[in-house]
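I am opening a notebook on this structure and will write down what I looked up, entry by entry. The sequence and the structure come first, and my notes follow.

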Amino acid sequence: MLKILKYSFFDLMRSRWSYVYFLFYLLLGVVLLFLNNDLSKAVITLMNVIIVLVPLIGTIFGVMYYYNSKEFTELLLAQPVKRSSIFLGQYLGVALSLSMSLIIGLGLPFVFYGIFNSGAIWDFSLLLVTGAFLTLIFTALAFVIALANENKIKGFGYAILLWLFMAVIYDGIFLMSLVYFEEYPLDTFSLVATMLNPVDLSRVLILLKLDISALLGYTGAVFQKFFGTSFGFILSTLLLVIWVAVPTFFIQHMAKRKDF
Amino acid sequence: MAQTTIEVCSSCETSTVTQAVEKAQPFDTILIKKGTYKEYNIGITKPLTIIGENNPVIDGENKGEIITIQSDSVTIQGLTVVNVGTSYTTDYAAIRVVKSENFLIKNNTLERLFFGIYLEKSNNGKVLNNSIQGDAVNEYNSGNGIQLWYCNKVEVANNEIRNVRDGIYLEFSDQIEITHNKSTNNLRYGLHFMFSNNDTYTNNLFENNGAGVAVMFSKFIKMYDNVFKKNWGTASFGLLLKEINDSEIKGNIFEENTVGINIEGSNRIEYSHNDFKSNGWAVKVRGACYANTFTKNNFLYNSFDISYNSNINDNVFDKNYWSNYTGYDLNKNGIGDVPYRPVKLFSYIVNRTPETIILLRSLFIDIIDFSEKVSPVFTPDNLMDNNPLLKPIEHD
């Protein structure tokens with residue numbers, strides 16, 4: 001598996017797309033800092049970018065890589081290599097190279113700007129870690145979609161739909177249901193609903209750092225416990241790990257059974 | 001008549017403070033040497049100067065009130081007063097001043113107390129450099145650090161007050177000056193005003209109090225250069241204004257509070273040169289607030305800048321800096337060319353259904369906020385800052 005991982009990783013590192021992705025983040029970081037002149041504000045803007053763009057890029061890139069390297073995969077399948085290690089290797093290769101572009105691309109401008117001497121360092125590291133998690137999750141989901149669909153167009157369609165659902169539609173439904181059922185106690189429901197969507201989950205994780213004073217304004221024992229202690233932080237991180245593990249398990253499971 | 005000095009120590013001729021007070025003639029000085037004096041109900045009914053040398057301790061052993069002053073021109077200085085009795089019927093205090101003038105309470109340390117310094121119908125006095133450390137756990141059986149009741153022209157300065165119910169409490173007290181105090185970790189309010197007019201408080205620090213600072217039912221209050229910090233919680237405010245009229249709030253810093261300022265039924269207040277930084281809500285307007293002006297304030301990285309619970313607005317926002325402002329400045333005069341709308345639709349939704357706070361900063365919320373910004377329906381459409389500044393104001 002490591003060999004395939006290494007191969008996929010270096011293959012991607014050499015490819016144009018990784019550079020585009022890397023340059024995009026580099027540019028974003030530079031422009032943000034140039035326009036804002038203020039680290040704390042740049043971190044807030046960056047958060048919006050990370051929770052929207054990172055899943056999108058992860059999904060599209062994952063699906064694209066799977067379909068593009070399909071012939072090579074079939075060639076590999078003819079060799080005496082375990083199936084799960086082929087797909088997991090490819091998945092990790094894509095996800096890790098994407099995370100690396102993200103972390104280096106955004107990290108460089110901020111490091112030069114002096115993030116290490118600023119109070120925003122923890123917020124910023126949290127952002128990068130969350131971004132890496134989101135990449136892992138959405139690339140895995142993309143692989144699952146691609147494995148389930150032979151048809152490229154269909155695969156892409158579902159992938160985009162998945163992103164749209166997680167990033168926008170889910171919150172819309174969530175908000176509507178909260179407003180509609182406002183007479184009922186909703187704090188447990190809203191926390192569970194947040195946990196079920198990795199985009200919301202990472203958003204809340206970042207909110208715990210950036211907007212804690214607003215979050216503590218709500219009366220409710222469950223919220224208080226979640227936001228007021230490190231319990232919320234630990235639980236969210238744990239759930240992000242689960243969100244990575246579950247689709248990865250599916251990749252393995254599907255790869256075993258799929259006919260090529 | 002010559003003034004004499006009476007010394008008190010365990011091996012002296014007078015070994016208790018009570019004896020010394022009885023023995024003393026008006027305008028005498030009582031010098032208390034280092035040691036522990038287990039006494040309470042020390043009543044001072046003549047003008048005396050009581051000075052503690054090397055922090056003598058007066059231990060009330062939780063039996064009741066410790067020092068009661070019922071005379072003009074009394075000075076109490078350098079004492080450590082501990083273990084005030086707790087009662088549910090009487091407000092026992094470490095030092096109480098009743099119907100007296102020209103008192104001076106200075107450099108004292110008060111610990112393990114019910115009420116700290118209790119001024120009752122007393123005028124023209126000073127409370128300086130005292131350190132008050134309570135151990136309050138519940139509101140119903142704890143007292144206030146410094147309480148002023150029907151007092152006039154009193155100066156309260158440089159005191160440090162921790163862990164009591166209300167740090168400083170004013171009721172029916174006018175022309176009080178509260179400066180350079182530190183009121184932290186109190187159970188309820190750092191500073192609490194009720195029915196007190198023409199008071200000034202400047203350069204104080206209020207940090208991590210249960211509910212911040214409350215100013216209620218008062219007029220002509222001046223609040224300058226104070227710091228309100230880290231008041232977190234569901235009913236917690238940096239500053240709570242209720243029925244306050246004709247006041248000035250200037251040069252204050254509100255940092256990391258759940259609500260920076262909560263305004264209810266307050267009119268004609270001028271807010272200028274304040275910094276609102278990283279609060280949940282910088283300003284929460286609850287209704288019945290008219291003719292208030294917000295000028296030259298900095299609103300920096302608050303989750304919500306302003307929140308209204310109705311769509312009527314009679315307050316003016318002008319020339320503030322808003323870190324959330326996204327407009328441009330083509331003529332380069334430092335003022336944004338597009339007005340800024342500080343009230344977001346989402347803050348209106350959160351007012352209605354508080355659980356929705358969990359959707360803060362979601363892309364969907366940004367989309368609906370944007371559409372509300374383009375055509376306001378739920379939020380007051382005339383509420384905007386027509387001259388938003390592009391750079392934060394540097395206050396002098």
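Entry 1, the contact between the chains. I looked up how chain A and chain B meet in this predicted model, and I found that chain A brings 30 residues to the contact while chain B brings 29 residues. On the side of chain A that touches chain B, the elements giving two or more residues are helix 3 (39-68), helix 7 (152-180), helix 8 (187-195), helix 9 (198-210) and helix 10 (212-215) of chain A. I noted that helix 7 of chain A gives the most to this side, with eight residues. When I sorted this side of chain A by class, I had 16 nonpolar, eight polar and six charged residues.

Entry 2, helix 7 of chain A. I turned next to the helix that gives the most to that side of chain A, and asked what span its residues should have. At 1.5 Å a residue, the 29 residues of helix 7 of chain A should span 42 Å, and I found its end C-alpha atoms 39 Å apart, which agrees. I also looked for a bend, and helix 7 of chain A has one of about 50° at A:Phe165.

I then went through the burial of helix 7 of chain A, where the buried residues are A:Gly155, A:Tyr158, A:Ala159, A:Trp163, A:Met166, A:Ala167, A:Asp171, A:Phe174, A:Leu175 and A:Leu178. Which elements cover the buried residues of this helix? Within chain A, I listed helix 3, helix 6 (121-148), helix 8 and helix 9 among what covers them, and from chain B I added helix 3 (363-374).

Entry 3, chain B as a whole. I counted three helices and 39 strands in chain B, and the C-alpha trace of this chain spans about 85 × 40 × 30 Å along its principal axes. Of the 396 residues in chain B, 47% are buried. I also looked at the contacts in chain B between residues at least 6 apart in sequence, and 46% of these join residues at least 24 apart.

Entry 4, strand 10 of chain B. I chose strand 10 (residues 93-98) of chain B for a closer look, and it is mostly covered, with five of its six residues buried. Strand 10 of chain B pairs with strand 7 (residues 67-69) of chain B in the parallel sense over three bridges, and B:Ile67 has B:Ile95 as its bridge partner. Strand 10 of chain B also pairs with strand 13 (residues 115-120) of chain B, in the parallel sense and over five bridges, and there I noted B:Leu119 as the bridge partner of B:Val97.

Definitions and conventions. Residues numbered from 1 in each chain as written. Chains lettered and ligands numbered in written order. Predicted model: local features only at pLDDT ≥ 70, side-chain atom pairs only at ≥ 80, totals over all residues. Buried ≥ 20, exposed ≤ 12 C-beta atoms within 10 Å, placed from the backbone. Contact = placed C-beta atoms within 7 Å. Nonpolar A, V, L, I, M, F, W, Y, C, P; charged D, E, K, R; others polar. Expected span 1.5 Å × (residues − 1). Bend = angle between axes of the 7 residues up to and from the residue. Pairing = 2+ DSSP bridges.
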